[in-house]
Every structure is written in C-alpha cells, then in structure tokens.
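User: I'm new to this structure and would love a close look at helix packing and the salt bridges around it. Could you walk me through that part in one go?

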Amino acid sequence: MQLKRVVVTGIGAITPLGNNLNDYWNGLINGVSGADMITNFDASKFRTKFACEVKGFDPVAFLDRKEARKIDRFTQFALYASDQAMNDAGLNKDNINPDRVGVVFASGIGGLITFQQEVMEFAKGDGTPRFNPFFIPKMILDIAAGQISMRHNLRGPNFAVVSACASSTNAMIEAYNLLRLGKADIILSGGSEAVISEAGVGGFNAMKAMSERNDDPKTASRPYDKDRDGFVMGEASGVVILETLEHALARGAKIYCELMGGGSTADAYHITAPHPDGLGARNVMLAALEDANMKPEEIDYINTHGTSTPMGDVAEVKASTKVFGEHAYELNISATKSMTGHCLGAAGVIEAIACIQAVVHDIIPPTINHFTDDPEVDPKLNFTFNKAQKRVVNAALSNTFGFGGHNACVIVKKFVD
C-alpha cells in the first residue's frame, strides 16, 4: 500500500521556560535556564534542592476547580498543552470527524505526586483503608490520553506509551505509523511529566543521578562540560498535532514541517547506564534514517539526549560520530536540557518541538553552561555552546534514551509539497 505522508499542523507546550510555544522558543534561543530552587515542596533536607519547575501555572484558569482536584498535575499539564495545540491547528469539536482523530500520549512515571500523597495520608492513620476514590484514575499513566480525548471528543485510536525518558518520542512514532497506514486522519501526540516531589527527587538522589550544585542551580545542567555532575529534573508537557498531508491540505491547514520517520532500539545492557560505546544510540539513529529514507548528510541539526551525566553524554557523542562520520563536523548539535532540565517522559516531545522550530526559523538553540572542555568529548564537533546560531536547517533529528536501555529518535524536515 502507499504510505501516507505526515505533517505537523499544531503545537502546544508548557515548560520550565514558558507556558506556551512562543515563550518556550524564545527562552531556548536566548539561552535562558529554567532552573531554580524547588518551590513544589520543602527540599531543604534533600541533597538536590533545585529543579526546572513550570512557573505561574494555575489549573483553575482553564479547568473547573472541582475537576482540577480530580486530576494529577501531569494530566493538568497535558490538557493545557492539548488546548493550545488544538487552537494552533484550528481544530475544534465542530470541524473534525471525531472517529478519525486519535490520541497517542506518554508519560514516563505518571501520577507520582498523587501516589505519594495518598500513601502518606494512609501511613498517618490507624491502618483503616481510606483512599480518595480518584486515587487510581489520577495516578495511572494512560489517563492523560483518556482525559485529552474526553475534553476534545476524540474517538479515534487512544492509548499511552511508556519507555522511560524515550516515552513521548515513541508516542510520536506510534502516532506517525497509525497515520501513514491510514488508521486516522489526525492524532494528538506527545507527553507530560510532573514528578518534582519528595518521592521523585529523593528517588533520583538515591541513585546519585542528579546534580547537587545547590550553590548555582542555573548552571547545574551542563551537557558535555568536564565538570558536569548529573541531570537537573524538569517538568513539562508538549503536544503536537500530527496529520496526514492529504487531510491537512484539504482543510487548508498551516503546516510546520513534515515528520519523516523514527526509530526505536534497545541497549540490552544495563538498567540505568547507557552502552559505553553508544551501541543502541547508534542503531536508533540509523533506524530513523532508514525509516525516513534519508542519508546522514541530509541532517543539519541533532538535538541530543544530552542529560549532563558523565557516561551518557560521552556515549551519545561516540554514537553520533559513528553514524555521521565526517558529516558530524558539518552539522550543529545542541542539548536543550541545559535549559529545560530533564523532563523525563516529556523530554522527547519538547525537544522534538525545539527541532521543529529550528527547521521553521533556521536557528539552532544553544547548549548553555559550557565552561570547561571535556577531553573525552571531540572538541571539533559543533555543540552550539552558549549562544544560538543561525543556519539553514532543512532537517533535524531528536534523540531520547531511557532507563531500561530504551532508545527512540525522530526526524523532521522542511515541508515541500
């Protein structure tokens, strides 16, 4: 069968840099750090006392107060971003066929804040099981996809994808495959994460995965810098409207770019550490290029997973140089987690959005907080350190890698009819 082409026609974003697409993008290209001391809870006794929190978010500004109490923060983010994306795409309940519009959405952890609150309340009692009747529906990972469908009356394919920090990239790949096979006309895809809590921060601290640079949080996320000491936790949600080209053209939709393909692989190596030679990362980039029917030299920009961890950054660089060869020195690379922090299951979609904007505006967002070169990282590569760079960006690739060895990658390209 003839596979359908898939384009991006709408975007919504709520991030540590801003609660809409324009603010997010302006924060990226201006090299703004979203990191600051934690306000979601008292972190004074934790080894890490800072994070990249979403700022100025009030769910009752767009949800009924009673309804807002029935959903976890990660789902509140998802609904907010979905509203933006639908509006941006010019879609509403009156101009769609609901049976042909789906939702494929992701979270790496889901309603951890709800889970923590309910268990702590139970532990304070006498053992009598008193739980909120919305405990389970607030916590489960798939509820964001379900809530989005109910809010916008979308009755097409609907499910959640979980692959740790690769989750929302895999969600976009699944949505892309459904669309090009003709199973739907439009799919809202992306991911949401909100786990800046005692359990979230404490758990990652126990793994010694996060930076402890409490004296200077805004410079703590420093991918590829010699003195990096771990990732900075973030929270966010992003939604992209993916649509078959024929459907988008028929309704006269604005088109941001074309989604060309994606890849998914496993390291099969370790529960948290990447393969030291970047084997899975190399394979996933090659798989995405094959799926997109593109050559390595057609890529102009890589938004790397780039978490600011000692092993992960080196492994990804090794993989990139193996995939791209001499062309690796011609393209731009940047790690926007230096600004947003690591938004876990939402990282893939907000970084794909950064790639989409790079393609649209021909600007590469920077990798901020670079102070000292790392001898293990090839200094001839262009990591777009500290300042955005203008260049023609015809195609961009976004990498995400998750605990468990999950790897996922998508490629976007300027739209040409």
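Analyst: Here is a walk through the helix contacts, then the salt bridges, and then a few single residues.

A word on the ground rules: this is a predicted model, in which local features need pLDDT of at least 70 and side-chain atom pairs count only at pLDDT 80 or more, while totals for chains, interfaces and linings use all residues. Residues are numbered from 1 along each chain as its sequence is written, and side-chain values use heavy atoms, with hydrogens and water left out.

Let's start with helix 13, which spans residues 347-361. Helices here are DSSP runs (H or I, at least four residues), strands are runs of E with at least two, and both are numbered from the N terminus. The axis of helix 13 comes within 5 Å of the axis of helix 7 (residues 167-180), and the two cross at roughly 70°. Axes are lines fitted to C-alpha atoms, for helices over the stretch in contact, with angles running from 0 to 180 degrees between N-to-C directions. The crossing makes helix 7 roughly perpendicular to helix 13, a label for angles of 65 to 115 degrees; under 35 counts as roughly parallel, over 145 as roughly antiparallel, and the rest as oblique. On the helix 7 side, the contact (heavy atoms within 4.5 Å) is made by Ser168, Thr169 and Met172, and on the helix 13 side by Ala347, Gly348, Val349 and Ala352. Sorted by class, there are four nonpolar, three polar and no charged residues in this contact. In that sorting, Ala, Val, Leu, Ile, Met, Phe, Trp, Tyr, Cys and Pro are nonpolar, Asp, Glu, Lys and Arg are charged, and the others, Gly among them, are polar.

Helix 13 also meets helix 1 (residues 21-29), with axes that come within 11 Å and cross at roughly 80°. Helix 1 is therefore roughly perpendicular to helix 13. Helix 1 brings Leu21, Tyr24, Trp25 and Leu28 to this meeting, and helix 13 brings Ile350, Glu351, Ile353, Ala354, Gln357, Ala358 and His361. The residues of this contact divide into eight nonpolar, two polar and one charged.

Now for the salt bridges. A salt bridge is a side-chain nitrogen of Lys or Arg within 4 Å of a carboxyl oxygen of Asp or Glu, and by this rule the count comes to 22. One of them leads back to helix 7: aspartate 291 pairs with arginine 180, with their closest N and O atoms 2.8 Å apart. This pair links distant parts of the chain, since aspartate 291 sits in helix 10 (residues 279-292) and arginine 180 in helix 7, 111 residues apart. Arginine 180 counts as buried at 12% relative accessibility, whereas aspartate 291 is partly exposed at 25%. Buried means under 20% relative accessible area, exposed over 50%, and partly exposed in between (1.4 Å probe, protein chains only).

Another pair is glutamate 235 with arginine 73, whose closest N and O atoms are 2.8 Å apart. Here glutamate 235 is in the loop between helix 8 (198-206) and strand 7 (236-244), while arginine 73 is in helix 3 (residues 73-89), 162 residues apart. Glutamate 235 is buried, with a relative accessible area of 0%. Glutamate 67 and lysine 70 form a salt bridge too, at 3.3 Å from N to O. Glutamate 67 is partly exposed at 40%, and lysine 70 is partly exposed at 30%. Elsewhere, Arg228, Asp313 and Asp374 are joined in a salt-bridge network.

Asparagine 332 offers another kind of link. This residue is found in strand 10 (residues 332-334) and is buried, with a relative accessible area of 3%. Its side chain makes a polar contact with the side chain of arginine 391 at 3.0 Å. A polar contact is a pair of N or O atoms within 3.5 Å; within protein, one must be able to donate a hydrogen and the other to accept it, and residues adjacent in sequence count only if both atoms are side-chain atoms. Leaving aside neighbours within four places in sequence, asparagine 332 is in contact with residues including Asp300, Tyr301, Ile364 and Arg391.

Finally, a look at backbone angles. Most residues other than glycine have a negative phi. Alanine 268 has a positive phi near 50°; alanine 268 lies in the loop between strand 8 (257-266) and helix 10 and counts as exposed at 75% relative accessibility.
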